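Subject: Structure for your review

Dear colleague,

Please find below the structure that I am handing over to you. My account of what was found in it follows.

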Amino acid sequence: MAINLLMIFIAAVLTQNIAFTYLLGMCPFISLSKSLRTASGMGFAVIFVVTLTALINWPIYNYIL
């Protein structure tokens, strides 16, 4: 019983939390910059992270799951 409640709590806080996931998804857009250098750096960082995540998740999804 306690394990089930803990799993529900973790899911509610991390994966099913709409405010948390919305904030993480909007982070690059919220971080406004007046400098072209800073904005382009943030853009390249987002592209790098999304590409790296896709490269890591594809084999996990196709070969493990």
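In which helix does Val 49 lie? The residue belongs to helix H3, which covers residues 36-64. Please bear in mind throughout that this is a predicted model.

Overall architecture

The protein contains 3 helices and 0 strands, and its pattern along the sequence reads α-α-α. Of the 65 residues in the protein, 0% are buried. The accessible surface amounts to about 6,200 Å², and carbon and sulfur atoms account for 77% of that surface.

Confidence

The mean pLDDT of the protein is 78, with 77% of the residues scoring at least 70. Helix H2 (residues 18-30) has the lowest confidence, with a mean of 62, whereas H3 has the highest, at 86. Where pLDDT is low, predicted coordinates should not be read in detail.

Helix H1

Helix H1 takes in residues 2-15, 14 residues in total. At 1.5 Å a residue, a span of 20 Å is expected for H1, and this agrees with the 19 Å that separates its end C-alpha atoms. The number of buried residues in H1 is 0, so this helix lies largely in the open.

The nonpolar patch and the aromatic pair

A nonpolar patch of about 1,200 Å² is present on the surface. Its members are Phe 48, Val 49, Leu 52, Ile 56, Trp 58, Ile 60, Tyr 61, Tyr 63, Ile 64 and Leu 65. Val 49 is classed as partly exposed because its relative accessibility is 47%, which falls between the limits of 20% and 50%.

How many aromatic pairs does a search of the whole structure find? The search returns 1. The pair is formed by Trp 58 and Tyr 63, whose ring centres are 5.7 Å apart; their planes stand at 90 degrees, so the arrangement is edge-to-face. Both residues are also members of the nonpolar patch. Trp 58 is exposed, at a relative accessible area of 52%, and Tyr 63 is likewise exposed, at 63%.

Yours sincerely

Technical notes:
Residues are numbered from 1 along each chain as its sequence is written. This is a predicted model: local features need pLDDT of at least 70, side-chain atom pairs count only at pLDDT 80 or more; totals for chains, interfaces and linings use all residues. Side-chain values use heavy atoms; hydrogens and water are left out. Patches are made of residues with over 30% relative accessible area and no salt bridge: like charges are joined within 9 Å, nonpolar side chains (Val, Leu, Ile, Met, Phe, Trp, Tyr) within 5 Å. Accessible areas come from the Shrake-Rupley method with a 1.4 Å probe; for residues, only the protein chains shown count as cover. A salt bridge is a side-chain nitrogen of Lys or Arg within 4 Å of a carboxyl oxygen of Asp or Glu. Helices (H or I, at least four residues) and strands (E, at least two) are DSSP runs, numbered from the N terminus. Buried means under 20% relative accessible area, exposed over 50%, partly exposed in between (1.4 Å probe, protein chains only). Rings of Phe, Tyr and Trp (its six-membered ring) pair if their centres lie within 6.5 Å; planes under 30 degrees apart count as stacked, over 60 as edge-to-face and the rest as tilted. The expected span of a helix is 1.5 Å times one less than its number of residues. pLDDT is the predictor's confidence in each residue, from 0 to 100.
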